[in-house]
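Colleague: I have a model open and would like to learn how to read it. Could you walk me through it, one feature at a time?

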Amino acid sequence: MKQYETMYIVKSSLEETARNELMASMHAIITEHGGKIDKVEEWGMRDFAYRIEDMTKGYYVVLTYTVGVEGLNEFDRLMRINNNIVRLMTICTEDKNGK
């Protein structure tokens, strides 16, 4: 299993309770596939440098987690098809096997 970091942006029009439910359901995908959430940083509402689909701001979240390839692929797939996720980017930060 490797450690990953994903930054994603949630639509600013989502209310706080709906946003929290969305985040919890997305993060649950990782734990359901045997992964572990290491850290969740909510950066909050920020302005975009340019318009994205007629939006000028979004709610930024940075998620650090450890998961296998299958869990990562499912997490990425479901994040990309969710209409409330504006953008996301995932990087591998560390290999837990020392490689």
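Colleague: Let me start with a single residue. Is T64 buried or exposed?

Modeller: Happy to help, and please keep in mind that this is a predicted model. For burial, we look at relative accessible area, and under 20% means buried. T64 has 11% relative accessibility, so T64 counts as buried.

Colleague: Where does T64 sit, and which residues does T64 touch?

Modeller: T64 is part of strand β3. Leaving aside residues up to four places away in sequence, T64 touches Q3, Y4 and E5, along with I37, D38 and K39.

Colleague: Thanks. Now let me zoom out: how many helices and strands does the chain have, and in what order do the elements run?

Modeller: The chain has 2 helices and 4 strands. Reading from the N terminus, the order is β-α-β-β-α-β.

Colleague: What can I say about the overall dimensions?

Modeller: The C-alpha trace spans about 40 × 25 × 20 Å along its principal axes. One can also compare the radius of gyration with that of a compact globule. For 99 residues such a globule would have a value near 13 Å, and the chain has 14 Å, so the two agree. As for burial over the whole chain, 38% of the 99 residues count as buried.

Colleague: And how many of the contacts link residues far along the sequence?

Modeller: Take the contacts with a separation of 6 or more: 72% of them are between residues 24 or more positions apart.

Colleague: Let us turn to the helices. How do I read the way α1 and α2 pack?

Modeller: Start with the distance and angle between the axes. Helix α1 covers residues 16-32 and helix α2 covers residues 69-81; their axes come within 9 Å and cross at roughly 160°. Angles over 145 degrees count as roughly antiparallel, and therefore α1 and α2 are roughly antiparallel to each other. Their crossing is right-handed.

Colleague: Which residues make that contact?

Modeller: From α1 they are M26, I29 and I30, and from α2 they are E74, F75, L78 and M79. Sorted by class, the contact has 6 nonpolar residues, no polar ones and 1 charged residue.

Colleague: What about other residues of α2, such as D76 and V69?

Modeller: D76 is in helix α2 and is partly exposed, at 23% relative accessible area. D76 and E21 are 55 residues apart along the chain, and their C-alpha atoms are separated by 18 Å. V69 also lies in helix α2, and its relative accessible area of 55% makes V69 exposed. From V69 to H33 the sequence separation is 36 residues, with a C-alpha to C-alpha distance of 9.5 Å.

Colleague: One last topic, backbone angles. What is the phi of E53, and what is the phi of D54?

Modeller: The sign is the thing to check, together with the residue type. E53 has a positive phi of about 50° although E53 is not a glycine. D54, again a residue other than glycine, has a positive phi near 65°.

Colleague: Where are E53 and D54, and are they buried or exposed?

Modeller: E53 lies in the loop between β2 (36-52) and β3 (55-67), and D54 is in the loop between β2 and β3 as well. With 59% relative accessibility, E53 counts as exposed. D54 is exposed too, with a relative accessible area of 70%.

Definitions and conventions:
Residues are numbered from 1 along each chain as its sequence is written. This is a predicted model: local features need pLDDT of at least 70, side-chain atom pairs count only at pLDDT 80 or more; totals for chains, interfaces and linings use all residues. Side-chain values use heavy atoms; hydrogens and water are left out. Axes are lines fitted to C-alpha atoms, for helices over the stretch in contact, and angles run from 0 to 180 degrees between N-to-C directions. Angles under 35 degrees count as roughly parallel, over 145 as roughly antiparallel, 65 to 115 as roughly perpendicular and the rest as oblique. A crossing is left-handed if the near helix is turned anticlockwise from the far one by less than a right angle, and right-handed if clockwise. Contact means heavy atoms within 4.5 Å. Ala, Val, Leu, Ile, Met, Phe, Trp, Tyr, Cys and Pro count as nonpolar, Asp, Glu, Lys and Arg as charged, and the others, Gly among them, as polar. Buried means under 20% relative accessible area, exposed over 50%, partly exposed in between (1.4 Å probe, protein chains only). The radius of gyration is taken over C-alpha atoms; the globule rule is 2.2 Å times the number of residues to the power 0.38.
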